[in-house]
Amino acid sequence: INGGIYGYPATAANKEGKLRLLYESAPMAMIMEQAGGAGSTGVGRILDVLPEKEKGIHMRVPTFLGSPENVFELDQFHRFYGEEEE
């Protein structure tokens, strides 16, 4: 096996992603970063995301995990082709 990305993106039905930040995304991102990889929401580091007060510990985020190079390329793709923020 040579490289690759684990991705659980946001969808039309789940605009904020499906994995919970506190219990799923952040722990996997921490392990990946400690092993030399990276974790992203598609626009930035998962470990930089702070839970929103209204959603609390159950906040959900899109999750992408992999090598720093692959995750960086995916972030650039999302920045270039992603939907415009209003």
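Show the surface of the whole chain: its accessible area comes to about 6,300 Å², and 57% of that belongs to carbon and sulfur atoms. Accessible areas here come from the Shrake-Rupley method with a 1.4 Å probe, and for residues only the protein chains shown count as cover. The model is predicted, so local features need pLDDT of at least 70, side-chain atom pairs count only at pLDDT 80 or more, and totals for chains, interfaces and linings use all residues. Residues are numbered from 1 along each chain as its sequence is written, and side-chain values use heavy atoms, with hydrogens and water left out.

**The whole chain**

Switch to a C-alpha trace. Along its principal axes the trace spans about 40 × 30 × 20 Å. The radius of gyration (taken over C-alpha atoms) is 13 Å, which agrees with the value near 12 Å for a compact globule of 86 residues. That rule is 2.2 Å times the number of residues to the power 0.38.

Now turn on the cartoon. The chain has two helices and five strands, in the pattern β-β-α-β-β-β-α along the sequence. Helices (H or I, at least four residues) and strands (E, at least two) are DSSP runs, numbered from the N terminus.

Colour by burial next. Buried means under 20% relative accessible area, exposed means over 50%, and partly exposed lies in between (1.4 Å probe, protein chains only). Buried residues make up 27% of the 86 in the chain. A contact means heavy atoms within 4.5 Å. Among contacts between residues at least 6 apart in sequence, 63% join residues at least 24 apart.

**The nonpolar core**

Select Leu21, Ala26, Ala29, Ile46, Met59, Val61 and Leu65, which form the largest nonpolar core. Helix α1 (residues 21–34) gives the most to this core, with three residues. A nonpolar core is a set of buried Ala, Val, Leu, Ile, Met, Phe, Trp, Tyr and Cys residues joined through side-chain atoms within 4.5 Å. In soluble globular proteins, nonpolar side chains tend to be buried together.

Centre on alanine 29, in helix α1. Is alanine 29 buried or exposed? Alanine 29 counts as buried, at 0% relative accessibility. Not counting residues up to four places away in sequence, alanine 29 touches Gly39, Ile46, Leu47 and Leu65. For a distance across the model, pick the C-alpha atoms of alanine 29 and asparagine 14: these residues are 15 apart along the chain, and the atoms are separated by 20 Å.

Move to leucine 65. Leaving aside neighbours within four places in sequence, its contacts include Ile5, Tyr6, Met28, Met32, Ile46 and Val71.

**Other residues of helix α1**

Stay on helix α1 and select isoleucine 31. Isoleucine 31 is exposed, with a relative accessible area of 59%. Its C-alpha atom is 19 Å from that of arginine 60, 29 residues apart along the chain.

Leucine 22 is also found in helix α1. Leucine 22 is partly exposed, at 44% relative accessible area. Beyond neighbours within four places in sequence, leucine 22 is in contact with Pro27 and Ile57.

**A nonpolar patch**

Return to the surface and select Tyr6, Tyr8 and Met28, which make a nonpolar patch of about 260 Å². Patches are made of residues with over 30% relative accessible area and no salt bridge; like charges are joined within 9 Å, and nonpolar side chains (Val, Leu, Ile, Met, Phe, Trp, Tyr) within 5 Å. Tyrosine 8 sits in strand β1 (residues 5–8). Tyrosine 8 is partly exposed, with a relative accessible area of 34%.

**Salt bridges**

A salt bridge is a side-chain nitrogen of Lys or Arg within 4 Å of a carboxyl oxygen of Asp or Glu. How many are there by this rule? The count is five salt bridges.

Begin with glutamate 24 and arginine 20, whose side chains meet at 3.7 Å, N to O. Glutamate 24 is partly exposed at 27% relative accessible area, and arginine 20 is partly exposed at 24%.

Next select glutamate 33 and arginine 45, which meet in a salt bridge at 2.7 Å, N to O. Glutamate 33 lies in helix α1 and arginine 45 in the loop between β3 (38–40) and β4 (60–61), so the pair ties together parts twelve residues apart in sequence.

Keep arginine 45 selected and add aspartate 48: these two form a salt bridge, with the closest N and O atoms 2.9 Å apart. Finish at Glu16, Glu52 and Lys55, which salt bridges with shared partners join into one network.
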